[in-house]
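Me: I have a structure on my screen and would like to go through it with you. Could you take my questions one at a time?

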Amino acid sequence: MPDTTTDDLAGYVGARICHDVINPLGAIGNGLELLMLTLGTQSPELDLLEASVKNAQARVKFLRIAFGAAVDPAPVGAAESRAVLAAYCDGMRHKVAWQIDEDLPRSEQRRAFLMLLCVFSALPLGGEILIDSDGAALTVSAKAPRISASAEAWDPLLEGQFPPETSAATVHFALLALEIGRENATGRRAHLDTTASSLRFTL
């Protein structure tokens, strides 16, 4: 048998689903553009369809990085990262700024996006989020009206352990816990600092 772990397989499944979904979404978008050109007019219904297709495409691109296998050797550029995040967060209460100017290996990009999803879970009212790196560690910091980083979810995560009840709603915690567990063995630790209105998550 090849040296493939269960989480590797989960990443391949995620990448395959995203790959197979993004193509028909692109076709729908192209068809919608042709329809709008043919009709020669805009309407609330067409605007809603266009916004929905763009939102779906943005979510698939983001989730393909966050949940897909990080085996592609090509790094991810800062411009692409900002574009994916801007599209994914469009219309959300979370405002995200990508402050990393250098290209990142796909594995680090995946880690940053998983960290971001975990931080989203701690900002029920939305907030302003910054993602940065000093070359050795990734940092996701946030300011928000309310911080809700429950010990039940975060304490196991920081030790590289699964949440008590892993589900579709907490799968990003489980995937990031696998990453943290690997890094703990090399001495790279995860840290979380919170106040009533701020959060700093470093890995």
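Me: In which strand is the place of L192?

Reply: Happy to start there. This is a predicted model, in which local features need pLDDT of at least 70, side-chain atom pairs count only at pLDDT 80 or more, and totals for chains, interfaces and linings use all residues. Residues are numbered from 1 along each chain as its sequence is written, and side-chain values use heavy atoms, with hydrogens and water left out. Strands (DSSP runs of E, at least two residues) and helices (H or I, at least four) are numbered from the N terminus, and L192 falls within residues 191–194, strand β4.

Me: Which residues does L192 touch, not counting those up to four places away in sequence?

Reply: Contact here means heavy atoms within 4.5 Å. One partner of L192 is W154, and the C-alpha atoms of these two, 38 residues apart along the chain, are separated by 8.4 Å. The full set for L192 is A149, W154, L158, L199, R200 and F201.

Me: How many helices and strands are there in the protein?

Reply: Reading from the N terminus, the elements run α-α-α-β-α-β-β-α-α-β-β. The count for the protein is six helices and five strands.

Me: What share of the 203 residues in the protein do buried residues make up?

Reply: Buried means under 20% relative accessible area, exposed over 50%, and partly exposed in between, with a 1.4 Å probe and protein chains only. Of the 203 residues in the protein, the buried share is 41%.

Me: Why is α6 described as largely enclosed by the rest of the structure?

Reply: Helix α6 covers residues 171–184. Its buried residues are H172, F173, A174, L175, L176, A177, E179, I180, E183 and N184, and what covers them includes α2, α4, α5 and β5. The helix is largely enclosed because, of its 14 residues, the number buried is ten.

Me: Is E179 buried or exposed?

Reply: E179 lies in helix α6. Leaving aside neighbours within four places in sequence, E179 is in contact with R110 and R111. Its relative accessible area is 9%, so E179 is buried.

Me: How are α5 and α6 oriented to each other, roughly parallel or roughly antiparallel?

Reply: Axes are lines fitted to C-alpha atoms, for helices over the stretch in contact, and angles run from 0 to 180 degrees between N-to-C directions. The axes of α5 and α6 are 8 Å apart, at an angle of about 30°. Angles under 35 degrees count as roughly parallel, over 145 as roughly antiparallel, 65 to 115 as roughly perpendicular and the rest as oblique, so α5 and α6 are roughly parallel.

Me: By class, which residues make up the contact of α5 with α6?

Reply: A153, W154, L157 and L158 of α5 meet F173, L176, A177, I180 and N184 of α6. Ala, Val, Leu, Ile, Met, Phe, Trp, Tyr, Cys and Pro count as nonpolar, Asp, Glu, Lys and Arg as charged, and the others, Gly among them, as polar. By class, the contact has no charged residues, one polar and eight nonpolar.

Me: What distance does α2 reach from its first C-alpha to its last?

Reply: Helix α2 spans residues 44–67, with 24 residues. The expected span of a helix is 1.5 Å times one less than its number of residues. For α2 the expected value is 34 Å, and the distance reached is close to that, at 34 Å.

Me: Which word describes α2 and α3 to each other, oblique or parallel?

Reply: The axes of α2 and α3 come within 8 Å and cross at roughly 130°. In this pair, A58, R59, K61 and F62 of α2 meet V84, L85, A87 and Y88 of α3. The contact holds six nonpolar, no polar and two charged residues. The word for the two helices is therefore oblique.

Me: Where does F120 lie?

Reply: F120 is buried, with a relative accessible area of 10%. Leaving aside neighbours within four places in sequence, F120 is in contact with Y88, C89, M92, H94, V96 and I129. F120 and I147 are 27 residues apart in sequence and 9.9 Å apart in space, C-alpha to C-alpha. The element that holds F120 covers residues 106–121 and is helix α4.
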